[in-house]
Amino acid sequence: MPSVLPADFARLGDEVARLCDAGVDRIQWDVMDGVFVPNLTFGPGIIASARQYSTVGFEAHLMVVDPDELLGRYVEAGCELVIVHAEACTHLHRTLARIRDLGARSGVSLNPHTPADVVEHVLPVTDLVLAMTVNPGFGGQKYIASVEPKVSRLRRMIDESGLAIELEVDGGITDETIAGAAAAGADVFISGSWMYNYAGGKAAAVERLREVAREAAGVGAPAAEDAEDAEVVLS
Ligand code: DX5
């Protein structure tokens, strides 16, 4: 899945359409408020404007100090999945349940320093856990491999829960680093700068990431009948 962060913000509609043409599974909008992280990006109006150009779902990664205030705005803007930071939520269980009440799927993100156990008691109201593999705020940063043991712990927690929860990683994902993340148990991968800069173009970048992730996770190429499942697993 691409992050829109490296896109040409003056042509977001075209950029979104081109990402869909490249065969991505979903598109992630990195929402930043300039306080939780030292950067400022997309309001709900921008995402709502881009919605008509996309044939795939949107997810909003809210890197903001007060996500409760903004949840409804991003669901209304067309985000089918809303991710909040555990570090920004005093009542994380209530916030995640509220995202579902609003009709979207719920996600919780953990900064590199935040332990996996923080999500132990909210898994029943969670559809996705995001383990950040960079310190949030900017694209183009170096992958933090020391997060991988946390990814493995989250994978065990999710598997033991028996719940259908996606495990996503975000930050510094390339056709090299994705192998470690997939082997650790991640099944959803966000790529920004590497995908945008890939010499073979975005479609080839998407396929390359899927190929490396499948191999590292010991997942074969999907047979025709279950190709969709494989896409969901490795989106
Ligand atoms: C950080 C952002 C980035 C972005 C991906 O706050 O969340 O991780 O999505 O950017 P790259 O792939 O360039 O690290």
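**Chat about the ligand and its pocket**

Me: Where does the ligand sit in this one?
Reply: This is a predicted model, and in it the ligand takes up the space of the largest pocket.

Me: OK, how many residues surround the ligand, and which are the closest?
Reply: There are 18 around the ligand, and the closest are Asp30, Gly137, Asp170, Gly192 and Ser193.

Me: And by class, what's in that shell?
Reply: The shell around the ligand has 10 polar residues, six nonpolar and two charged.

Me: Which strand gives the most to the shell?
Reply: That's strand E1, residues 26-32, with three residues.

Me: Let's talk polar atoms. What does the backbone of Gly137 do?
Reply: A polar backbone atom of Gly137 is 2.7 Å from an oxygen atom of the ligand. For Gly192, a backbone N or O atom also lies 2.7 Å from a ligand oxygen. With Gly172, the distance from a polar backbone atom to an oxygen of the ligand is 2.8 Å.

Me: How much of the ligand does the protein bury?
Reply: The protein buries 99% of the 370 Å² that the ligand exposes when taken alone.

Me: Switching to the pocket itself, what's the volume of the largest one?
Reply: About 280 Å³. The largest pocket is lined by 27 residues, and those closest to its centre are Phe138, Gly139, Gly140, Gly171 and Gly172.

Me: Which elements give two or more residues to that lining?
Reply: E1, strand E2 (57-63) and helix H7 (193-197).

Me: And the lining by class? What's the split?
Reply: The lining of the largest pocket has 12 nonpolar, 12 polar and three charged residues.

Key: Residues numbered from 1 in each chain as written. Predicted model: local features only at pLDDT ≥ 70, side-chain atom pairs only at ≥ 80, totals over all residues. Heavy atoms only, no water. Near = heavy atom within 4 Å. Polar contact = N/O pair within 3.5 Å; in protein donor to acceptor, adjacent residues only side chain to side chain. Areas by Shrake-Rupley, 256 points an atom, 1.4 Å probe, with all protein chains shown as cover. 1 Å grid on protein atoms, 1.4 Å probe; cavity = no way out; pocket = protein on both sides within 12 Å on 5 of 7 lines; lining within 4 Å. Sits in = over half its atoms within 2 Å of the grid points. Helix = DSSP H or I, 4+ residues; strand = E, 2+ residues; numbered from the N terminus. Nonpolar A, V, L, I, M, F, W, Y, C, P; charged D, E, K, R; others polar. Points joined across faces, edges and corners; volume = space filled by probe spheres on them.
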